[in-house]
Structures are given as C-alpha cells and as structure tokens.
Amino acid sequence: MPSYTPTQRMSIHQFVHFTQTRESIAAKFLKTHDWSVERALDSFYQSSSGNGSPSPTEKNLNKLFDQYRDNPKEAPDTIGIEGAQRYLTDIKVELDELAHLAICDLLQCPSIGEFERDGFISGWRSASAGSKQYDATANQAQYVDTVRKKLSADPDYFKQVYRNSFKLAKPEGQKSVPMDSAIDFWNMFFRSGKGGIEWNTASTKWLDLWCEFYESRNKRPVNKDLWNMVGELVMKTKEPEGESLSWWTEDGAWPMAVDDFVAYVKDKRKADGDTMDTS
C-alpha cells in the first residue's frame, strides 16, 4: 500500500469494511472526496460497486426486488401495494407494528405500501456490513428483529423513525397530516402493544388524554413542527418528575396545541381532585 497517514489508513479500512471492495478502489474514492468516508461511500454507491459493475449483494437485491413487482412492464422499478404486502409477510413484518415504519424509513419508501428500487437497494446495502449481507428475505427478517429491539432500547433511533414517519402519514402533495391519520400513528408509536413506547402511566393516561384533547378541542391537521414536538412532549413527561408538568412555562417554545393540552390536563386534574403538583 502507498504511504498514507494513520488517519487515512483508518478511512481506507472503514471504506473497505462497508463496501468489501479493494483498498485501491477505496483510496481512489477517498482521495476524490478529501478523505471524507461518508461522501466517498455516497459516491461509491451511486456508481454501483465503484468499478461499473454491480456487487453480488446488489445483484441479489435487484433479483429479490423483481420478485415482488406488481407491474414489471409499466412500473419496473416499483413494488406496489400487493407486492409490498407479500414482501412484508415474507420478512415477518405486520402492517400495524412499528417495525413496519422503521423498515419504510430504512428503505426510503415514498409512501406506505410502496417500495422503489433505488431506496430498496441502498437501504439494505447500508444495513449490510462485512460478512453479514441482508440480500435475502431470511436474513432481512433477522434484521427486523434487530430493529424491534433497537426501537425499544435506543431513544435516538425511535425519535428518528417517528420524525421521518411524518412524510408517510401525510397525503401526497399535502403539508400536514389529517387528524384521524395522526391519531392512528400516535397510537402505534406511543402504545407498547405493537412495538411502540408506552405513554400511558398508572397515574396519567397521557395518550388517551392527548387523543381526547386533540379530537375534541384542537381538531386541526398536524403540521411537521407539531408532529415533532409531540414526540418531545412524550419524552418530557417520561422524565423524572415529568408527570407533574413542572417543566412547562408560559414562555416556553412549545406549539400552542401543547400549551393548550397542558392547561387541559391541569383542569382535568383539578376537576378530578388530583393532588399532584402542576403549578
């Protein structure tokens, strides 16, 4: 190997680890992109295997994708609703579980019930590393099990999937999620039954209260800012002393809907004779 600095050698090692390509190809891409591993990998994947021919993993993923296409002649690079259902069944994903949305996030689905070739290939290729290649449904089903565990154990990953699901929840061409759809998604994310985190507690039925409040008082489509801040609200109430709402202030940066919800909860507690300090 030519003379490289320790940092450059580490970058080459990382590139080879992710792509399983030769060190000379790794060095070529890294030099072109000022030794940025992330940008070099992006360029590599955009040019197939970096030498003009698809890698074995990419070939297998393309063959797998082709098996589930609904209309190969008119839509050769799309898996539609029927094919998506068959595919999800084969990788043991239920339509109403949170892992479904995590897989949609991984594979960059434009909408629920649709996969596009580029997102499908790049998503599974990014999940593959070293000798572990997720280019068959049996291996992909194993990866789904990893996703389920990660959703429950990694708050940052859960937050990523939740925030990215906004584009799946809203109708195409719209900027907001209809109220009914938003409530369906919140029930998937914030109940533990289908892989979400449990927002309801023994002392406060947070999710039930939020849905009740939103359906009866707010009644508006959910924009992206509110969508994201609902996720923050959930985490805030789950912090130590979070249920007391002592963290909330009138001059906070919460959306108006959250401010109104806090007032709604305080009023409910007073009416019910709750002694919890919410001042």
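**Exercise 1: positive phi values.** K92 is exposed, with a relative accessible area of 60%. Which loop holds K92, and what sign does its phi have?

*Solution.* Before we start, a word on the model: it is predicted, so local features need pLDDT of at least 70 and side-chain atom pairs count only at pLDDT 80 or more, while totals for chains, interfaces and linings use all residues. Residues are numbered from 1 along each chain as its sequence is written, and side-chain values use heavy atoms, with hydrogens and water left out.

- Step 1. Fix the terms: buried means under 20% relative accessible area, exposed over 50%, and partly exposed in between (1.4 Å probe, protein chains only). Helices (H or I, at least four residues) and strands (E, at least two) are DSSP runs, numbered from the N terminus.
- Step 2. Locate K92: the loop runs between helix 5 (81-90) and helix 6 (98-106).
- Step 3. Read the angle: phi of K92 is positive, about 60°, although K92 is not a glycine.
- Step 4. Put that in context: most residues other than glycine have a negative phi.
- Step 5. Try two further cases. Q108, in the loop between helix 6 and strand 2 (115-116), has a positive phi near 55° and is partly exposed at 44% relative accessible area. D34, which follows helix 2, also has a positive phi, near 55°.

**Exercise 2: the overall layout.** Describe the secondary structure, the extent and the domains of the protein.

*Solution.*

- Step 1. Count the elements: there are 14 helices and two strands.
- Step 2. Look at the extent: the C-alpha trace spans about 75 × 50 × 30 Å along its principal axes.
- Step 3. Divide the chain: domain 1 covers 6-48, domain 2 covers 56-153 and domain 3 covers 161-272, with bounds that come from an automatic or database domain assignment. Between domain 1 and domain 2, the C-alpha centres lie 25 Å apart.
- Step 4. Check the burial: 45% of the 279 residues count as buried.
- Step 5. Check the contacts (heavy atoms within 4.5 Å): among those with a separation of 6 or more, 57% join residues 24 or more positions apart.

**Exercise 3: the nonpolar cores.** Which members of the largest nonpolar core touch the most other members?

*Solution.*

- Step 1. Define the core: a set of buried Ala, Val, Leu, Ile, Met, Phe, Trp, Tyr and Cys residues joined through side-chain atoms within 4.5 Å.
- Step 2. Pick out the hubs: in this core of 71 residues, they are W124, W186, F190, W210 and W227. Both domain 2 and domain 3 supply at least three residues.
- Step 3. Zoom in on W227: beyond four places in sequence, its partners include Y162, F166, F185, W186 and V222.
- Step 4. Turn to Y162, in helix 9 (residues 155-164). Y162 counts as buried because its relative accessibility is 2%. Its contacts more than four places away are W186, F189, F190, W227, N228, V230 and G231. Y162 and N228 are 66 residues apart in sequence, with their C-alpha atoms 8.0 Å apart.

**Exercise 4: helix 7.** How many residues of helix 7 are buried?

*Solution.*

- Step 1. Count: eight of the eleven residues in helix 7 (residues 117-127) are buried.
- Step 2. Name them: R117, G119, F120, I121, G123, W124, R125 and A127.
- Step 3. Follow A127: its relative accessibility of 17% is why A127 counts as buried. Beyond four places in sequence, A127 touches Y134 and Y143.

**Exercise 5: a helix pair.** How do helix 12 and helix 13 cross, and which residues meet?

*Solution.*

- Step 1. Take the geometry: the axes of helix 12 (residues 206-218) and helix 13 (residues 224-237) come within 12 Å and cross at roughly 145°. Axes are lines fitted to C-alpha atoms, for helices over the stretch in contact, and angles run from 0 to 180 degrees between N-to-C directions.
- Step 2. List the residues: W206, W210 and Y214 of helix 12 meet L226, V230, L233 and T237 of helix 13.
- Step 3. Sort them by class: six are nonpolar, one is polar and none is charged. Here Ala, Val, Leu, Ile, Met, Phe, Trp, Tyr, Cys and Pro count as nonpolar, Asp, Glu, Lys and Arg as charged, and the others, Gly among them, as polar.
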